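Please write a short report on this protein model. Cover side-chain surroundings, aromatic pairs, nonpolar cores and helix packing.

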Amino acid sequence: MSARNSIVVLGAFVADTSYRADRAPQMGETILGNSFALGPGGKGSNQAVAAARLGGDVTMITRLGKDAFGDLALKTWAETGVKPAVTQVTDNYTGAAYIFVEEASGDNAIIVCPGAANDIARADIDAQAVLIGGSAVFVTQLEQPFDVARHALQMARDGGATTILNPAPAAPLDDAFYALCSYVTPNETETADITGLPVTTIDEARAAADVLLAKGVEYAIITLGEQGALLHTAGRSEHIPAYNAGKVVETTGAGDAFNGGLAVGLAEGMDPVEAVRFGCATASISVTRAGTAPAMPSREEVTAMMRK
């Protein structure tokens, strides 16, 4: 891809410590788990890896500690083709996440400690002004300081990039923040937190998406798990079903897979509905595998899924 097709991701890398058990322990209780795994994670990093695995020209902006988890980040990106635009520091640690996975369903609960990513500063963004301003698609989330994400979104918009905000973890943001976003991609829970409306049906998702549009978002995409995703904008509202790629093993990272696929689709000039469909196929494959970054599918796998 040319530089004008490039994807820039601002976000956190965290090392995922994943615990699988039949149920979560209650406070004060210790239970035996079924398995443990350590692997690369963090929403921003997962999205960058997903996009790179799909053939995207991807650069990751973040901060890491100079430690074993930081080494894991750099190794992961080298193996998947993500170009790092990274500051490494000695006064903070590379982020980590506790992930509980319920064995029967594959559903998860997560605690994230972003570590050095919490210290990403406007100076880090200014140092990458040419990269951000020249990108086709800019992606960020809320695992780093909000003012930094906003500064980067403004820079990307000023350069003509399509901007994607994955508002996770959900947090209060003013309408001026949302107005910088071409696309906002919350899941059902995040949408309910942001809008104050329930999201249990497609019609409820449409009502909540209207609230997001009123905040200044151009396209609201609500990801709906096994129901796929809703693309909603002025004069156009389409439900895109999920693909059935097989037995669900773990849902952790499904949203990141979707956002990576969406970013690649938009960078390649796909129609928004086709880009959402591409993201859904990417996510549908990812949940059939354990882990987050290691679960991201190849372009060939996604293309084959969409042909079925």
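In which helix is Leu-72 found? Leu-72 is found in helix α2, residues 68-80. Helices (H or I, at least four residues) and strands (E, at least two) are DSSP runs, numbered from the N terminus.

This is a predicted model, in which local features need pLDDT of at least 70 and side-chain atom pairs count only at pLDDT 80 or more, while totals for chains, interfaces and linings use all residues. Residues are numbered from 1 along each chain as its sequence is written, and side-chain values use heavy atoms, with hydrogens and water left out.

**Three partly exposed residues**

Buried means under 20% relative accessible area, exposed means over 50%, and partly exposed lies in between (1.4 Å probe, protein chains only). The table gives three residues with their accessibility and one C-alpha to C-alpha distance each.

| Residue | Relative accessibility | Partner, C-alpha to C-alpha distance |
|---|---|---|
| Lys-43 | 23% | Thr-292, 9.2 Å |
| Leu-72 | 22% | Ala-15, 7.8 Å |
| Lys-83 | 42% | Ala-161, 19 Å |

Contact means heavy atoms within 4.5 Å. Neighbours within four places in sequence are set aside for Leu-72, which is in contact with Phe-13, Ala-15, Gly-39 and Pro-40. Leu-72 and Ala-15 are 57 residues apart in sequence.

Lys-43 lies in helix α1, residues 43-53. Beyond four places in sequence, Lys-43 is in contact with Ala-12, Gln-141, Glu-143, Asn-166, Ala-168 and Asp-256. Lys-43 and Thr-292 are 249 residues apart in sequence.

Lys-83 sits in strand β5, residues 83-89. With neighbours up to four places away left aside, Lys-83 is in contact with Asp-57, Val-58, Thr-59 and Met-60.

**Aromatic pairs**

The whole structure holds four aromatic pairs. Rings of Phe, Tyr and Trp (its six-membered ring) pair if their centres lie within 6.5 Å; planes under 30 degrees apart count as stacked, over 60 as edge-to-face and the rest as tilted. The ring centres of Tyr-19 and Tyr-98 are 5.5 Å apart and their planes stand at 40°, so this pair is tilted. Tyr-19 lies in strand β2 (residues 14-21) and Tyr-98 in strand β6 (residues 94-102), so the pair ties together parts 79 residues apart in sequence. Tyr-19 is partly exposed at 37%. Tyr-98 is partly exposed at 32%. Ring pairs link Tyr-19, Phe-36 and Tyr-98 into a cluster.

**Nonpolar cores**

A nonpolar core is a set of buried Ala, Val, Leu, Ile, Met, Phe, Trp, Tyr and Cys residues joined through side-chain atoms within 4.5 Å. The largest has 44 residues, and Ile-7, Val-137 and Val-276 have the most contacts inside it. Helix α10 gives the largest share of this core, eight residues. A second, separate core has 39 residues, including Ile-61, Phe-138, Val-199 and Leu-230.

Which residues does Val-137 touch, not counting those up to four places away in sequence? They are Ser-6, Ile-7, Val-8, Thr-162, Ile-164, Ala-263, Leu-266 and Ala-267.

**Helix packing**

The axes of α10 (residues 272-286) and α11 (residues 299-307) come within 9 Å and cross at roughly 110°. That makes α10 roughly perpendicular to α11. Axes are lines fitted to C-alpha atoms, for helices over the stretch in contact, and angles run from 0 to 180 degrees between N-to-C directions. Angles under 35 degrees count as roughly parallel, over 145 as roughly antiparallel, 65 to 115 as roughly perpendicular and the rest as oblique.

From α10, Glu-274, Arg-277, Phe-278, Ala-281, Thr-282 and Ile-285 meet Arg-299, Glu-301, Val-302, Met-305 and Met-306 in α11.
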